[in-house]
Amino acid sequence: MKFVIVFVALFALAYAAPAAPEAEIVELRSDVDPEKYSFALKTSDGTSVSYTHLDVYKRQVAHGSYSFVADDGQTYTVTYVADENGFQPSGAHLPVAPEA
């Protein structure tokens with residue numbers, strides 16, 4: 001279920017992005033095992049995505065990151081974990097909730 005949420009979120013992000021010049025894939029790796037799935041993608045325009053999904057003792061955990069170069073020329077990176085506590089993104093440009 002969490003995989004679907006992460007996939008839909010990344011799909012929505014990609015769909016909402018303005019059209020950019022075509023980029024070429026410069027690196028693509030994937031690894032599939034019974035307890036682990038991972039992939040990494042880098043393109044010529046500076047975009048990168050990495051994702052790992054683990055099935056450890058019936059506990060589903062996904063973590064990864066994505067980076068992109070924005071219109072202002074700055075590279076933004078988001079790292080995340082999705083587990084029984086939900087989707088937990090972090091990045092230097094994201095707001096942080098105050099401590100309770």
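**Close-up views of a six-stranded sheet**

**View 1. Strands E2 and E3 sit side by side.** In this predicted model, strand E2 (residues 36–43) pairs with E3 through seven bridges, and the pairing is antiparallel. For a spot to start looking, try Phe 39: the residue standing opposite it is Tyr 51 in E3. Keep Tyr 51 in mind, as this residue turns up again in the core.

**View 2. Here's the whole sheet.** Step back and you'll find six strands making an open sheet, in the order E1-E2-E3-E4-E5-E6, with antiparallel pairing. Which strands are at the edges? They are strand E1 (25–32) and E6, and each of them pairs on one side only. Ignoring direction, neighbouring strands in this sheet are turned by 10 degrees against each other on average.

**View 3. Seven residues make up the largest nonpolar core.** The members are Val 49, Tyr 51, Ala 62, Tyr 66, Val 78, Tyr 80 and Ala 82. Strand E3 (48–56), E4 and E5 are the elements that each give two or more residues to this core. Which strand gives the most? That's E5, with three residues.

**View 4. E5 and E6 form a hairpin.** Just two residues lie between these strands. Strand E5 (residues 75–83) and strand E6 (residues 86–90) run antiparallel, and five bridges join them. Looking across the pair, you'll see Val 81 opposite Gln 88 in E6.

**View 5. Glu 84 meets Arg 59.** Where is Glu 84? You'll find this residue in the loop between E5 and E6. Glu 84 and Arg 59 are 25 residues apart along the chain, yet their C-alpha atoms are separated by 8.0 Å. Now follow the side chains: those of Glu 84 and Arg 59 are joined by a polar contact of 3.0 Å.

**View 6. Val 69 and its surroundings.** Val 69 belongs to strand E4 (residues 59–69). Is this residue buried, partly exposed or exposed? Its relative accessible area is 39%, so Val 69 counts as partly exposed: buried would need under 20%, and exposed over 50%. Setting aside neighbours within four places in sequence, Val 69 is in contact with Asp 45, Gly 46, Gln 74 and Thr 75. You can also pick out Ser 48, which is 21 residues from Val 69 in sequence and 9.7 Å from it in space, C-alpha to C-alpha.

Key:
Residues numbered from 1 in each chain as written. Predicted model: local features only at pLDDT ≥ 70, side-chain atom pairs only at ≥ 80, totals over all residues. Heavy atoms only, no water. Pairing = 2+ DSSP bridges. Helix = DSSP H or I, 4+ residues; strand = E, 2+ residues; numbered from the N terminus. Buried < 20%, exposed > 50% of the residue type's maximum accessible area, 1.4 Å probe, protein only. Contact = heavy atoms within 4.5 Å. Core = buried A, V, L, I, M, F, W, Y, C linked by side-chain atoms within 4.5 Å. Polar contact = N/O pair within 3.5 Å; in protein donor to acceptor, adjacent residues only side chain to side chain. Axes fitted to C-alpha atoms, helices over the stretch in contact; angles between N-to-C directions.
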